Amino acid sequence: MIVSRTAELSRLDDLLTALAGGEGGALVVRGEAGIGKTTLLETLAMRSGDAVTVIRTCGAETEAELTFSALADLLDPDRGGAHLLRAGRSAGSGAG
Ligand SMILES: Nc1ncnc2c1ncn2[C@@H]1O[C@H](COP(=O)(O)OP(=O)(O)O)[C@@H](O)[C@H]1O
Ligand SMILES: [Mg+2]
């Protein structure tokens, strides 16, 4: 269970509200190891309920020089990204 972090959780709740309303966005959570980044993001995922789809990726130090490496992993069908591509096509098919 997360303790404190009221201001951070409030900021993340704002992001969830925006996402549920169809707004895109990005938020960087950074800090030294052990400060609670993963705990905060796990709490965000739990709070999101069915409002948004939560997908996860992981950065590797060896890929730090590769632009959008984690994003590429997310979208790679061989690494579990197939459902994202399908979702994108479904969403796109209804447009104009
Ligand atoms: N706000 C918090 N409330 C309760 N436990 C926390 C909190 N922040 C961190 N912890 C605990 O501290 C440890 C490290 O937190 P973690 O989220 O893994 O840090 P980071 O991802 O920044 O390295 C974990 O055992 C986690 O449960
Ligand atoms: Mg962590």
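Here a biologist and a modeller talk through a predicted model of a protein with a ligand.

Biologist: Before we start, how are residues, chains and ligands labelled, and what pLDDT do local features need?

Modeller: Residues are numbered from 1 along each chain as its sequence is written, while chains are lettered from A and ligands numbered from 1 in the order in which they are written. In this predicted model, side-chain atom pairs count only at pLDDT 80 or more, totals for chains, interfaces and linings use all residues, and local features need pLDDT of at least 70.

Biologist: Good to know! What is the mean pLDDT of the protein?

Modeller: pLDDT is the predictor's confidence in each residue, from 0 to 100. In this protein, 80% of the residues reach 70 or more. The mean pLDDT is 82.

Biologist: Which elements does the protein have, from the N terminus on?

Modeller: Helices (H or I, at least four residues) and strands (E, at least two) are DSSP runs, numbered from the N terminus. The protein comes to four helices and zero strands. From the N terminus on, the order is therefore α-α-α-α.

Biologist: In which element is confidence lowest?

Modeller: Let's start at the other end: confidence is highest in α2, at a mean of 91. Where pLDDT is low, the predicted coordinates should not be read in detail. The element with the lowest confidence, at a mean of 59, is helix α4 (residues 82-93).

Biologist: How far does α2 reach from its first C-alpha to its last?

Modeller: The expected span of a helix is 1.5 Å times one less than its number of residues. α2 has twelve residues, and the expected value is 16 Å. The reach in the model is close to that, at 17 Å.

Biologist: And which residue with a positive phi comes just after α1?

Modeller: α1 has 15 residues and reaches 21 Å, close to the 21 Å expected. Just after this helix, phi turns positive, at about 90°. The residue there is G22.

Biologist: Now the ligand. How many charged residues are in the shell around ligand 1?

Modeller: A residue is near a molecule or strand if its C-beta atom, placed from the backbone, lies within 6 Å of it. The residues around ligand 1 include S4, R5, G36, K37 and T38. Ala, Val, Leu, Ile, Met, Phe, Trp, Tyr, Cys and Pro count as nonpolar, Asp, Glu, Lys and Arg as charged, and the others, Gly among them, as polar. The shell has four nonpolar residues, six polar ones and, as charged residues, two.

Biologist: S4 is in that shell. Is S4 buried or exposed?

Modeller: S4 lies in the segment before α1 (6-20), and has a positive phi of about 60° although it is not a glycine. A residue is buried if 20 or more other C-beta atoms lie within 10 Å of its own, exposed if 12 or fewer, and partly exposed in between, with C-beta atoms placed from the backbone. Because S4 has 8 such neighbours, it counts as exposed.

Biologist: Where is F68, which has a positive phi although it is not a glycine?

Modeller: Most residues other than glycine have a negative phi, and most peptide bonds are trans. F68 has a positive phi of about 55°, and counts as exposed because it has 10 C-beta neighbours inside 10 Å. Its place is the loop between α2 (37-48) and α3 (69-75).

Biologist: Which residues does L40 touch, not counting residues up to four places away in sequence?

Modeller: L40 lies in helix α2 and counts as partly exposed because it has 18 C-beta neighbours inside 10 Å. Two residues are in contact if their C-beta atoms, placed from the backbone, lie within 7 Å. One partner is 35 residues away in sequence yet 8.0 Å away, C-alpha to C-alpha: R5. The full set that L40 touches is R5, E8 and V29.

Biologist: Last one! With which residues is A51 in contact, leaving aside its neighbours within four places in sequence?

Modeller: A51 sits in the loop between α2 and α3, and with 12 C-beta neighbours inside 10 Å it counts as exposed. L16, in helix α1, touches R47, S48, A51 and V52. Seen from A51, the contacts are L16 and A20.
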